Protein chains: 2
Amino acid sequence: MTLTPLPSAFDLDSQTLRLLAAVAEYGSITRAAGVLGFSQPALSQQIKRVEARIGMPLVTRAGRGIRLTDAGLVIARHAATVLAALESASGELADLAGLRSGQVRLSAFPSASSTIVPQLIRSMGEEHEGVRFTYLEAEPPEAIAAVRDGAIDIAIAFRHPADRDDPFAAGSEGLVVHELARDELLLLVPHGHAALPRPSGPEHPTPSAAPQPASPTAVDLAALRDETWIAGCPRCRAHLLDSCARSGFAPTIAFETDNFVAVMRMVAEGLGVALLPALTITASPLPPGVAAAPTTSGDHRMIVAVTRPGADRIPAVGETMRILRRLTARPDDAPRLPPRLDRSRV
Amino acid sequence: MTLTPLPSAFDLDSQTLRLLAAVAEYGSITRAAGVLGFSQPALSQQIKRVEARIGMPLVTRAGRGIRLTDAGLVIARHAATVLAALESASGELADLAGLRSGQVRLSAFPSASSTIVPQLIRSMGEEHEGVRFTYLEAEPPEAIAAVRDGAIDIAIAFRHPADRDDPFAAGSEGLVVHELARDELLLLVPHGHAALPRPSGPEHPTPSAAPQPASPTAVDLAALRDETWIAGCPRCRAHLLDSCARSGFAPTIAFETDNFVAVMRMVAEGLGVALLPALTITASPLPPGVAAAPTTSGDHRMIVAVTRPGADRIPAVGETMRILRRLTARPDDAPRLPPRLDRSRV
DNA sequence: GCTCTCCATAAGCCGACGTGATGGATCCGG
DNA sequence: CCGGATCCATCACGTCGGCTTATGGAGAGC
């Protein structure tokens with residue numbers, strides 16, 4: 001008989017519930033408006049707008065004040081439920097913001113897996129227990145691609161100064177590259193090799209005031225032009241060729257492996273010499289009989305972290321980046337990075 | 001160490017949850033925007049605004065599309081709860097609008113309690129089972145006051161044409177007065193009283209085509225100027241005086257009671273004559289030996305319903321008013337109102 | 001390499017919503 | 001019985017949020 005005016009579609013808003021809950025609680029539009037933080041006319045006509053939208057009065061005048069209608073009571077009654085749920089969501093957001101929860105998806109190259117990464121995760125765990133990590137070991141190109149398509153939040157990668165183009169200029173387009181630390185490329189030669197300078201003076205060098213490019217014990221690559229070389233992964237191999245070229249020769253490469261432990265043992269066995277990042281030596285101690293030394297040309301790679309722009313605004317990710325920078329920026333706090341030269345003797 | 005940016009106060013809005021739930025469901029801002037019914041940029045920058053407000057990204061680009069962050073997932077996850085609660089409230093509003101629930105607080109004067117009111121409540125109950133009633137018998141001034149201060153939704157009252165002032169012009173200020181029906185004031189006299197016209201013609205008069213002001217069997221008040229009168233409640237007494245005055249005499253009032261059953265019995269016992277509204281006779285049949293007749297001067301009262309302005313926009317109240325008008329407007333559908341003269345013989 | 005799709009951004013417009021001032025009605029105390 | 005205090009409704013006005021259309025850039029698939 002009577003047409004139902006609207007089948008449903010009373011599009012309620014949490015703000016509407018908040019308003020009516022306040023009116024119900026304080027029994028007065030004026031006081032509710034005061035508590036909610038705006039003027040009485042604002043609340044008054046806001047209620048009127050809602051009434052117009054749903055087609056029913058929500059309040060009626062009663063004496064000097066007002067009274068909620070059935071419809072108004074319905075809305076006020078549901079307010080607690082809705083506002084509690086919103087509060088719950090808000091609390092979870094606060095947990096994320098306060099680093100009491102959250103997740104960071106991390107990827108890094110192999111030698112970082114056993115050095116930077118465990119340190120980083122442990123440090124975060126100490127300060128922010130609720131933040132969870134996932135980790136996937138991957139070579140820089142793959143790790144960066146994973147950042148690009150959103151599968152990874154932070155990729156720890158490296159970049160050789162020479163290749164301004166290949167995996168980075170192309171791959172990191174639109175991403176943010178944070179330079180973390182310089183990782184020296186060290187020559188690995190059998191102990192007592194002729195190219196090594198004699199240990200002049202005391203065994204422990206001046207601990208801190210060592211100039212960067214030419215370390216006291218640096219070796220000139222050119223002195224090894226006639227050696228047999230052991231190369232690493234394809235990218236490392238390319239960089240070896242480049243470094244040698246800048247020293248004026250083309251190395252004779254007899255062995256290739258991306259397994260840096262194998263490289264060290266090959267050097268120990270006298271099969272050849274190699275150029276390895278210091279971090280790999282931190283990851284796995286040099287076998288006996290192998291010495292490491294920087295090059296006079298200051299060969300190195302940069303360890304970087306790659307993220308999407310704005311990723312640091314995700315609290316857990318931003319904090320992880322902060323800690324990552326702290327760990328890699330201060331060798332004193334983080335004794336394993338960059339490794340000290342004299343540890344090559346261990 | 002890290003300052004929590006905001007202790008809480010992530011003021012979420014149900015709209016925000018709706019948006020992110022849609023984005024989570026459809027995996028794309030464009031599609032979610034389509035489903036939600038607005039353009040892609042609208043949704044895009046609405047999300048951006050929320051991000052700026054809560055200080056965390058909610059979505060990140062992933063390849064061609066997007067991916068929700070932890071924060072985005074939190075919000076989307078809570079959406080179901082909040083939207084379900086809103087839907088529940090909306091459903092209750094729909095029940096109110098569809099007259100499947102609701103409440104009407106009714107008040108009426110005594111003789112309506114046993115005539116109009118039960119009929120009204122029964123009719124509503126037949127058509128709209130969910131609507132509940134409360135009822136409070138009260139004389140018009142009190143009933144109207146109750147409407148005024150919001151304790152009653154509909155007051156059924158009456159008004160004499162003479163007193164344009166006392167309980168109405170003053171009491172119904174700012175209220176809406178709906179005229180429902182004319183209620184004739186009938187003279188009650190002992191059967192066979194001299195003032196009664198002889199029953200001319202058949203016992204059953206023409207059922208419908210009776211002219212309003214002067215019914216065929218009408219009696220001139222002036223013929224009863226020397227009778228002893230029985231008066232009703234104070235307001236009725238005032239009106240009796242007024243009617244008699246307009247007929248040119250002042251009645252001799254020997255008895256006063258607002259109990260109309262008592263009035264009838266007094267007339268039956270020959271203690272005097274009275275002027276009673278037809279509705280009271282409907283409420284309680286005339287005792288044997290009493291005849292009723294309208295006056296030639298067409299004395300009557302108006303039965304009215306009084307509500308607050310806009311009260312008819314409350315669905316249950318509006319529908320009650322509709323039914324009330326229907327019951328009182330059509331004597332054929334509502335045979336008890338106004339009462340037929342020939343029923344005074346019963 | 002071309003095209004299609006998806007998201008981000010810019011410019012512009014309109015309506016929602018806030019404030020302050022004012023008026024009417026009610027309640028209360030003198 | 002009257003004047004002050006309180007509460008709500010209304011009005012006029014200014015601002016800002018938010019939507020739209022148009023456009024650009026980046027990624028994915030053929």
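Biologist: Which residues are the closest to DNA strand C, and how many surround that strand?

Modeller: In this predicted model, 20 residues surround DNA strand C. The closest are Ser39(A), Arg49(A), Thr30(B), Ser44(B) and Lys48(B).

Biologist: Which helices supply the surface near DNA strand C?

Modeller: A residue counts as near the strand if one of its heavy atoms lies within 4 Å of it. Helix H3 (40–54) of chain A, helix H2 (29–36) of chain B and helix H3 (40–54) of chain B each supply at least two residues. H3(A) gives the most, with 5 residues. By class, this surface has 6 nonpolar, 8 polar and 6 charged residues.

Biologist: What part of DNA strand C belongs to the atoms within 4 Å of the protein?

Modeller: Sugar or phosphate accounts for 70% of those atoms, and bases for the rest.

Biologist: Which atoms of DNA strand C lie by polar side-chain atoms of Arg49(A), Gln40(B) and Arg61(B)?

Modeller: For Arg49(A), the partner is a phosphate oxygen, 2.6 Å from a polar side-chain atom. Gln40(B) has a polar side-chain atom 3.0 Å from a base nitrogen. For Arg61(B), a sugar or linking oxygen lies 3.3 Å from a polar side-chain atom.

Biologist: How can chain B be laid on chain A?

Modeller: A turn of 180° with a shift of 0.0 Å along the axis lays chain B on chain A, with an RMSD of 0.1 Å. That is the relation of a two-fold axis.

Biologist: Why do the copies meet through the same surface?

Modeller: Because 100% of the interface residues of chain B are also interface residues in chain A.

Technical notes. Residues are numbered from 1 along each chain as its sequence is written. Chains are lettered from A and ligands numbered from 1 in the order in which they are written. This is a predicted model: local features need pLDDT of at least 70, side-chain atom pairs count only at pLDDT 80 or more; totals for chains, interfaces and linings use all residues. Side-chain values use heavy atoms; hydrogens and water are left out. Copies are superposed by least squares on the C-alpha atoms of residues with pLDDT of at least 70 in both. Contact means heavy atoms within 4.5 Å. A polar contact is a pair of N or O atoms within 3.5 Å; within protein, one must be able to donate a hydrogen and the other to accept it, and residues adjacent in sequence count only if both atoms are side-chain atoms. Helices (H or I, at least four residues) and strands (E, at least two) are DSSP runs, numbered from the N terminus. Ala, Val, Leu, Ile, Met, Phe, Trp, Tyr, Cys and Pro count as nonpolar, Asp, Glu, Lys and Arg as charged, and the others, Gly among them, as polar.
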